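Colleague: Please take a close look at one part of this model, the surroundings of the ligand. I would like a connected description rather than a list.

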Amino acid sequence: MSKDQIISAYEQAKKTFEKYGVNTDQALELLNQTPISMHCWQGDDVRGFESPETALSGGIQATGNHPGAAKTPDQLRADMEKAFSLIPGKKRVNLHAIYIDADEFVERDQIKPEHFDRWVQWAKKQGLGLDFNPTLFSHPKADDGLTLSHPNEEIRQFWIEHVKASRKISEYFGRELGTASFMNIWIPDGMKDQPVDRLSPRARLADSLDKALAEKIDPTFHKDAVESKLFGIGAEAYTVGSNEFYLAYAATRGTALCLDAGHFHPTEVISDKISAVSLYVNDLQLHVTRPVRWDSDHVVSFDDETQAIMREIVRNKLLDRVAIGLDFFDASINRIAAWVIGTRNAQKALLKALLEPVEALKTAEQAFDYTTRLGLIEEAHSLPWAAVWDYHCLQNEVPVGFDWINDVKDYEATILATR
Ligand code: RNT
Ligand code: ZN
């Protein structure tokens, strides 16, 4: 499609949407303002740069052996820059503590803002916000499958110190970059088989979190979030940080709650949870991902649930209270393509939600006219939102349609193949 064709298709679409009471220019403005936090860990299969020996543990797994995984922070940054050149709109980068960029090995309870300074300088140059995560897996002190809920006080204290140290880094990100960093706490703690005592580990986790989060930090710079989970590999029978645990924790302690689309029962969806939780928790963070039969962390697809998630945020006017982040890791395909596909899909779903005739739908619902509601919802799916998306890509100077694949293939041949 030529530039002119894209523009004229947009003008046409704009008129169509106007008939439904939707302003496409306004939708695009909102889309441009809404950041998506892209997770760095898709680029290297969640290995990190702490030490070359570090192997992924904690009940999560990246499978596949596509060549070209990033092996150094510089490579990972270059790969993300490539991905960003193919993704329109505003982005943030989500880092984990294992993505430390230091000249020597630093133990997790000793990490400091200076060890992440190269990330901060890069983010400044690229105009990105940063988010952070303490890493409570892939470490000998997590080998028992327990961290913040560990019965051994020394081990538990080590992880508390790691979370405290991580908060300082997150705060530093926020101060340096002028945008609050969301620091999400996810722990792998759980058991393969039925525990006799389900309570004590949970009591220890609550206590550890209270200790780790005791120091008040200005929310302009840093926000704590907690992420629940149903089960992990090797932790099938019991997860200490379950949904009920963290929902209650976030509501009573005033932290943000992170909802991961893959962390619930197979027919349970986070799109239905956003509104409920928003009444009790101020800030929400999302890990948009695609569970295939289980928490498999497949690349985000333009599927029903991703669209439903974005519709819930938009329909309920929660854009300023929901931090949209991604969480997938597929090592079986080109990793830059994985980022591009997943991030563009999240953005497409968001755009489609922003273009929904929400006012007309709400009017129908309030009048108990459920026939109009269903009819309009269904027709809205095939309104020309894709023409608006193409125009958005053109405006942002990123490839329109599948043209991005050529850049990815070039990069694979010239850069990734040499690693
Ligand atoms: C694990 C959680 C967690 C991790 C990242 C790497 O099941 O989803 O968010 O994927 O922190
Ligand atoms: Zn997650």
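Modeller: Start with aspartate 295, which has a polar side-chain atom 3.5 Å from an oxygen atom of ligand 1. On its own, ligand 1 has 310 Å² of accessible area, and the protein covers 100% of it. This is a predicted model, and the distances here should be read with that in mind. Two other side chains also place an N or O atom by a ligand oxygen: for aspartate 260 the distance to an oxygen atom of ligand 1 is 3.0 Å, and for histidine 263 the value is 3.0 Å.

The space that ligand 1 takes up is the largest cavity. Around the ligand are the aromatic names Trp41, Trp186 and Phe329, along with Ile60. The histidines in this shell are His96, His263 and His287. Glu227, Lys229, Asp260, Asp295 and Asp327 are also around ligand 1. Sorted by class, the shell comprises four nonpolar, three polar and five charged residues.

For a point of reference outside that list, take alanine 206. Helix H6, which spans residues 199–212, contains alanine 206. Alanine 206 counts as buried because its relative accessibility is 17%, and the cut-off for buried is under 20%. Between alanine 206 and serine 149 there are 8.3 Å in space, C-alpha to C-alpha, with a separation of 57 residues in sequence.

Notes:
Residues numbered from 1 in each chain as written. Chains lettered and ligands numbered in written order. Predicted model: local features only at pLDDT ≥ 70, side-chain atom pairs only at ≥ 80, totals over all residues. Heavy atoms only, no water. Near = heavy atom within 4 Å. Polar contact = N/O pair within 3.5 Å; in protein donor to acceptor, adjacent residues only side chain to side chain. Areas by Shrake-Rupley, 256 points an atom, 1.4 Å probe, with all protein chains shown as cover. 1 Å grid on protein atoms, 1.4 Å probe; cavity = no way out; pocket = protein on both sides within 12 Å on 5 of 7 lines; lining within 4 Å. Sits in = over half its atoms within 2 Å of the grid points. Nonpolar A, V, L, I, M, F, W, Y, C, P; charged D, E, K, R; others polar. Helix = DSSP H or I, 4+ residues; strand = E, 2+ residues; numbered from the N terminus. Buried < 20%, exposed > 50% of the residue type's maximum accessible area, 1.4 Å probe, protein only.
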